[in-house]
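Me: I am new to this structure and would like a close look at a single part of it. Please start from one residue and work outwards, so that I can see how its surroundings fit into the whole.

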Amino acid sequence: MDSIQPGAIDPAKLDAFLTRAVGDLSAGYGGVMVSIGNRLGLYKAMAGTGPLSSRELAGRAGCAERYVREWLGSQVAGGYVVYHAISDTYELTPEQAFVLANEDSPVFIPNAWAVPASMWFDEDKAVEAFRTGKGVPWGDHNGRLYCGVAAFYRNAYRGSLVSEWLPALDGVVDKLRAGALVADVGCGYGHSTVLMAQGFPVSHFCGFDTHPESVAEARQIAAEAGVAQATFATARADEYPGTGYDLICFFDCLHDMGDPLAAAAHAAKALAPGGTVMLVEPFANDRAEDNVSPVARLYYAASTTLCCAHAISEGGRMVLGAQAGEARLAEVFRKAGFTHFRRAAETPFNLILEARA
Ligand SMILES: C[S@@+](CC[C@H](N)C(=O)[O-])C[C@H]1O[C@@H](n2cnc3c(N)ncnc32)[C@H](O)[C@@H]1O
């Protein structure tokens with residue numbers, strides 16, 4: 001306090017900022033409640049039922065009523081559940097159910113809380129990385145990270161990939177319908193690969209990722225979905241096998257790589273003549289001062305401990321971070337020999353960019 005001059009604090013500004021900071025703290029506590037409600041099936045047990053007492057909900061979900069009642073209190077306090085005081089009952093509105101209970105919804109949020117859960121778990125690694133400047137490989141994080149990221153992005157892929165993003169690329173859907181060869185680089189759990197394979201059954205899809213556990217999970221997800229024309233292999237973005245790809249995709253991974261230019265250059269060599277790169281990156285504007293929003297805050301945080309940390313672990317020749325913006329991404333592809341680069345589509349969470357040689 002000694003360094004703060006008397007009268008320097010504006011009480012109204014202090015109040016406004018404190019309200020903001022306490023709101024954020026409250027949201028952090030609330031995230032634990034969302035995750036618990038999701039894991040125990042409490043939201044699903046409320047969806048579409050109309051008002052329920054805490055006892056009825058506990059019975060439906062097979063949980064202890066006293067815990068459920070307290071949890072419901074937290075949900076009402078946060079605006080996640082409606083409370084009817086006269087009947088002492090609780091209700092999930094259709095909108096709340098769409099976000100909290102429906103796993104097929106493109107805006108299903110609860111699984112995404114696994115990402116900050118993993119970031120808290122690995123806080124010591126982040127602190128050490130800040131002090132030493134060393135990297136933290138993607139595979140060194142707490143296991144909740146991988147399914148959290150996959151679940152977060154799967155929403156958008158389900159909602160838009162086949163119906164909007166691929167059609168926004170020049171001539172790609174026609175090739176996919178006729179039978180194309182596709183690489184999904186940095187595929188992670190392969191939700192994008194599987195969705196594309198389901199949408200275009202005569203094309204073949206090859207998922208590549210450096211994280212063997214994710215590749216194993218992708219194989220299992222594809223098998224469970226009954227998708228036969230998707231194969232997965234552990235490989236780096238600048239080394240995966242094959243040429244003649246009609247489409248090479250990077251979903252939320254180019255900025256994680258230690259040498260994105262080498263990845264783009266490898267794609268240039270692996271593409272068939274007339275082939276296309278689809279680059280899906282976190283939404284960002286080009287200037288830091290324009291990246292001030294809840295979405296940018298979320299991405300910068302993940303970028304600090306996950307994306308930059310992984311890129312540095314891979315040598316960090318170019319550490320783009322998750323808020324690189326279209327201009328810097330275009331520059332990577334221009335240097336790799338691509339002559340066409342454009343924004344094909346965008347959402348509040350993603351930029352969908354097209355590169356062609
Ligand atoms: C944020 S995850 C995205 C995964 C997936 N594409 C998705 O959208 O859910 C980034 C992925 O890039 C992979 N990755 C990082 N560096 C890589 C590299 N040099 N070559 C191939 N994959 C890489 C990571 O293992 C991780 O699975």
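Reply: In this predicted model, a good place to begin is aspartate 252, which is buried because 23 other C-beta atoms lie within 10 Å, where 20 or more are enough for a residue to count as buried. Aspartate 252 sits in the loop that runs between β6 (245–251) and α12 (260–270), and its phi is positive, at about 45 degrees, although the residue is not a glycine. That deserves a remark because most residues other than glycine have a negative phi.

A second aspartate invites a comparison. Aspartate 88 also has a positive phi without being a glycine, here of about 50 degrees, and it too is found in a loop, the one between β1 (82–84) and β2 (89–91). Aspartate 88, however, counts as exposed, because it has 12 C-beta neighbours inside 10 Å.

Next in sequence after aspartate 252 comes the ligand's surroundings, where Cys253 is among the residues that come nearest to the ligand, together with Gly186, Gly188, His211 and Ala237, out of 21 residues around it. By class, this shell has 9 nonpolar, 7 polar and 5 charged residues, and helix α8 (residues 144–165) gives the most to it, with 3 residues.

The strand before the loop leads to the nonpolar interior. The largest nonpolar core has 99 residues, and Ile248 and Cys249 are, with Val182, Ala183, Val185 and Leu279, the ones that touch the most other members. Helix α8 appears again here, since the largest share of this core, 11 residues, comes from α8. Because domain 1 (32–102) and domain 2 (113–356) both give residues to this core, it lies between them, and the centres of the two domains, taken over C-alpha atoms, are separated by 35 Å.

Within the core, alanine 183 shows how such contacts are built up: leaving out residues up to four places away in sequence, it touches Cys206, Phe208, Tyr240, Gly242, Tyr245, Ile248, Cys249 and Ala270.

Finally, a record helps to place this region. In an unreviewed entry, UniProt lists residues 180–325 as "domain: Methyltransferase"; in the model, this span is 36% helix and 24% strand, and its end C-alpha atoms lie 29 Å apart.

Methods
Residues are numbered from 1 along each chain as its sequence is written. This is a predicted model: local features need pLDDT of at least 70, side-chain atom pairs count only at pLDDT 80 or more; totals for chains, interfaces and linings use all residues. A residue is near a molecule or strand if its C-beta atom, placed from the backbone, lies within 6 Å of it. Helices (H or I, at least four residues) and strands (E, at least two) are DSSP runs, numbered from the N terminus. Ala, Val, Leu, Ile, Met, Phe, Trp, Tyr, Cys and Pro count as nonpolar, Asp, Glu, Lys and Arg as charged, and the others, Gly among them, as polar. Domain bounds come from an automatic or database domain assignment. UniProt positions are given in the numbering used here, feature names are shortened, and annotations may be inferred rather than shown by experiment. A nonpolar core is a set of buried Ala, Val, Leu, Ile, Met, Phe, Trp, Tyr and Cys residues joined through C-beta atoms within 7 Å. Two residues are in contact if their C-beta atoms, placed from the backbone, lie within 7 Å.
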